[in-house]
Amino acid sequence: MGKLVSVVIPCYNHEKYVDDCLSSLMAQTYPDMEIVIADDASSDHSYEKLKEWEQRLCRRFSRVVLRRNEKNQGITKNLNHMLRLCRGEYIKPLASDDMLFPDAVALLEAFAEKSDADIIFSNTVSVENSFRYAQLEKRKFTCRYKQNPPQGRNLTGLLCAGNYISAPGLMIPYRTYKKYGLYNEAFLFEDWEYLLRVSVKGTIRYLNAPTALYRIGGHSLSHFGRGSEEKKRHRMFHEHKKQMIQLYKGYASKEQMQQFFNTEAVSAMNMGDRVLVSQILDEMKKEGLEVSANNHMRLLLMKLHLYLLLKKMKEAL
């Protein structure tokens with residue numbers, strides 16, 4: 001008999017995807033699970049969808065908690081509220097637009113029981129917005145990791161350079177939250193900051209098996225469109241990332257910090273945000289960091305007003 005696993009599902013405006021997410025839970029081969037769901041004041045019919053599922057979930061799982069926030073709390077605060085309700089020894093976070101393979105919880109729990117890890121992550125696959133869980137047996141998938149990613153201890157510098165750990169594949173022992181605390185509500189990127197925090201003294205292990213299907217597209221928190229409001233949101237994201245990385249840069253090499261800022265510069269160029277590009281270059285200069293050769297070329301193309309045009313042509317091919 002395995003340990004109780006708490007699946008925590010924060011939901012916000014995912015009416016179109018709730019059926020797929022919960023169908024993937026019902027299909028789990030692992031028997032001992034509780035489900036904790038919190039709708040964060042969705043403006044669509046997400047909560048009504050969840051209520052339609054409540055009785056089916058109660059018949060299948062040992063405990064089901066379904067709550068609705070009267071006001072939008074944001075992902076991090078919502079997650080922390082949910083964690084305080086959990087009784088399981090292991091926590092499986094699951095976005096309400098994502099899905100699990102049928103053996104996901106069983107594989108993760110068995111690996112966790114054999115591991116000394118503070119955090120476990122697995123391989124994942126991405127699917128388009130139109131994907132439905134009923135298509136699972138008819139599709140072939142390409143895994144995110146083609147070879148085993150870095151794992152173990154002393155990963156903080158690598159995580160400063162960029163978060164290479166796929167959040168949909170995470171499982172976290174509840175003892176980790178007791179040891180390191182809950183998510184930091186000051187940051188938008190709650191999973192990245194938590195990985196950084198734990199990596200300073202803890203152990204992160206990789207399970208070489210795909211467990212989750214990650215839906216990509218316009219509904220994603222970090223997906224940006226065009227226009228001045230989107231540029232403002234993108235700048236806010238950069239500021240959150242920069243402040244977060246500042247807390248842990250003492251564990252990173254100069255090369256790793258250069259990688260972080262050069263990646264941020266590419267993101268700003270992709271937005272066509274000359275103001276943010278200039279800001280990031282100033283930040284790099286103050287830190288004594290070098291602009292990559294590829295970014296020098298991108299900056300030249302941007303100066304000539306050719307960068308976005310060539311990017312669109314490349315995407316169209």
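This is a quick walk through a predicted model: its sheet, two of its helices, its cysteines and a surface patch.

Some housekeeping before we start. Since this is a prediction, local features need pLDDT of at least 70 and side-chain atom pairs count only at pLDDT 80 or more, while totals for chains, interfaces and linings use all residues. Numbering runs from 1 along each chain as its sequence is written, and side-chain values use heavy atoms, with hydrogens and water left out.

Okay, the sheet. Five strands make an open sheet, ordered E3-E2-E1-E4-E7, with mixed pairing. Strand E3 (63-68) and strand E7 (172-173) sit at the edges with a single partner strand each, so one side of each has no neighbour in the sheet. Strands here are DSSP E runs of at least two residues, helices are H or I runs of at least four, and both are numbered from the N terminus; two strands pair if DSSP finds at least two bridges between them. E1 and E2 run parallel, joined by seven bridges, and Pro10 stands opposite Ala38 in E2.

Next, helix H1, residues 18-26. Its buried residues are Val18, Asp20, Cys21, Leu22, Ser24 and Leu25. By buried I mean under 20% relative accessible area; exposed is over 50%, and partly exposed is in between (1.4 Å probe, protein chains only). What covers those H1 residues? The cover includes strands E1 (5-11), E2 (33-39), E5 (99-100) and E8 (204-215), plus helix H2 (46-60).

Over in helix H7 (residues 190-201) we find Ser199, buried at a relative accessible area of 1%. Beyond its neighbours within four places in sequence, Ser199 is in contact (heavy atoms within 4.5 Å) with Asn154, Leu155, Thr156, Leu159 and Ile204.

Now cysteines. How many disulfides are there in the whole structure? Zero, with the cut-off being a pair of cysteine sulfur atoms within 2.5 Å. Take Cys58: the closest cysteine sulfur is in Cys86, 15 Å away, which is too far for a bond. Cys58 is partly exposed at 36% relative accessibility, whereas Cys160 is buried at 0%.

Last up, the surface. Met297, Leu300, Leu304, Leu306, Leu309, Leu310 and Met313 form a nonpolar patch, together offering about 640 Å² of accessible area. Helices H11 (293-303) and H12 (307-316) each supply at least two of the patch residues, and H12 gives the most, with three. Leu309 belongs to H12 and is partly exposed, at 47% relative accessibility. For the record, patch residues have over 30% relative accessible area and no salt bridge (a Lys or Arg side-chain nitrogen within 4 Å of an Asp or Glu carboxyl oxygen), with nonpolar side chains (Val, Leu, Ile, Met, Phe, Trp, Tyr) joined within 5 Å and like charges within 9 Å. Areas are Shrake-Rupley, 1.4 Å probe, and for residues only the protein chains shown count as cover.
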